[in-house]
Amino acid sequence: MISTETLEYKKYMKRAIELAEMGRGTTSPNPMVGALILKDGRVVAEGYHKKAGEPHAEIVALNNASGNVSGSTLIVSLEPCNHFGRTPPCTEAIINAGIKKVIVGMVDPNPKCAGSGIKRLRDAGIEVEYGLLSDEVAKQNEVFIKYITTGRPFVIAKAAISLDGKISAVAGSSTEITGVEAKRRVHELRNEYSAILVGIGTVLADDPLLTTRLDANQEVRNPVRIVIDSKARLPLSSKIAATAKDVKTIAAVTSQAELADIDNLKEKGIEVIGFDTWDGLVDIEMLLEELGSREMSSLIVEGGSSLVAAFV
């Protein structure tokens, strides 16, 4: 685990975590990872994982080094991978670079790695210690940990609640109670999360767009929009239907949906997925399994009280 000497590397691990944070919202379904290389007591290169399919943090750091890094120490927030995925294993690049010591923040919970990266490096004669600031790394990657260990997305619920505990006016009519700062945070989350989900009731009442809207100078991405719509009642004139060919949209229906209505949704560019029913509604367990199989690692639930309750 961590020796007294290794604790001296804490400030460097904090920097690795800071680097990893730069990939928030773009690495899914991969974790956020940062790395830096120390040689002769100074940092000679840094890197972070930017996007799934692109080089991992360790490789970026190695590529950013201007000179020979043989005999150096690598600080990395998550255990280097030891398997072929979208990219080759990082362990081999570390070994080939002549790295002498590796300090790891957290063991990778991915069953494909789960300690094998550390073992491979040690078998190659590299000194490896792990567990430095592991709690901070785990918190940073809570989405990834949930997804990779369960096969299901990490789920949060967003709801605007008044001081007296209400989320809507009488008869469920739309009422504005969210402040400017809260609205901005909602869009920041949309920019980070894989998907956003509402019920058909919310669509009928509010006609939301469910896209990401931030400052013009910020790079944004839209989450996949999912509508729980057992009977395929999503209005073809709704904002969601009107933009479905530009923003990935899924309607989750049941056998209660008419084929003609399903076909109409498909013509608008909406993907329709059928699910079994649970208590007359879309089976949430099956839905989460489906999203996980599609590598959607995180989900925001923005529906009304009934929908939120179904996830609790």
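Contact, as I use the word in this notebook, means heavy atoms within 4.5 Å. The model is predicted, so I kept local features to pLDDT of at least 70 and side-chain atom pairs to pLDDT 80 or more, while totals for chains, interfaces and linings use all residues. Residues are numbered from 1 along each chain as its sequence is written, and side-chain values use heavy atoms, with hydrogens and water left out.

**Entry 1: Asn141**

I started with a loop residue. Asn141 lies between helix H5 (134-140) and helix H6 (142-150); helices (H or I, at least four residues) and strands (E, at least two) are DSSP runs, numbered from the N terminus. Is Asn141 buried or exposed? Asn141 counts as buried because its relative accessibility is 2%. For the record, buried means under 20% relative accessible area, exposed over 50%, and partly exposed in between, with a 1.4 Å probe and protein chains only. I then set aside the neighbours within four places in sequence and found Asn141 in contact with Pro31 and Met32.

**Entry 2: His56**

Next I looked up His56, which sits in the loop between S2 and helix H2 (57-64). His56 has 19% relative accessibility and therefore counts as buried. Which residues does His56 contact, leaving aside its neighbours within four places in sequence? I noted Asn30, His49, Cys81, Thr87 and Cys90.

**Entry 3: the sheet**

Then I turned to the strands, where two strands pair if DSSP finds at least two bridges between them. I found an open sheet of five strands in the order S2-S1-S3-S4-S5, with mixed pairing. Its edge strands are S2 (42-48) and S5, each of which pairs on one side only. From one strand to the next the twist averages 15°; axes are lines fitted to C-alpha atoms, for helices over the stretch in contact, and angles run from 0 to 180 degrees between N-to-C directions.

**Entry 4: strand S4**

How many of the six residues of S4 are buried? Six of the six are, so S4 is largely enclosed by the rest of the structure. I followed the pairing on each side. Strand S3 (residues 73-78) and S4 run parallel and are joined by five bridges. Ile75 stands opposite Ile103 in S4. Between these strands the chain goes from S3 through H3 to S4, a right-handed β-α-β crossover. My test for right-handed: with the strands pointing away from the viewer, the path from the first strand over the helix to the second runs clockwise.

S4 and S5 also run parallel, with four bridges joining them. Here I found Lys101 opposite Glu127 in S5. The chain crosses from S4 through H4 to S5, and this β-α-β crossover is right-handed.

Back on the S3 side, I also wrote down Leu74, which stands opposite Val102 in S4. H4 packs on the sheet and touches S4 and S5, its direction making about 155° with that of S5.

**Entry 5: helix H4**

That packing sent me to the helix itself. Which residues of H4 (residues 116-123) are buried? They are Gly117, Ile118 and Leu121. These residues lie on the same side of H4 because they cover an arc of only 100° around the axis, the arc being that of the directions from the helix axis to the C-beta atoms. On the other side of H4 I found Lys119 and Asp123 exposed. What covers the buried residues of H4 includes helix H3 (90-96), strand S4 (101-106) and strand S5 (127-130). After H4 comes Gly125, with a positive phi near 90°.

**Entry 6: backbone oddments**

Lastly I went through some backbone angles. The peptide bond from Ser28 to Pro29 is cis, with omega near 5°. Pro29 is placed in the loop between helix H1 (10-21) and strand S1 (34-39).

Asp40 is not a glycine, yet its phi is positive, near 55°. I located Asp40 in the loop between S1 and S2, and with a relative accessible area of 75% Asp40 is exposed.

Asp207 is not a glycine either, and its phi is positive at about 45°. Asp207 is in the loop between helix H8 (200-206) and strand S8 (224-228). Is Asp207 exposed, partly exposed or buried? Its relative accessible area is 27%, so I entered Asp207 as partly exposed.
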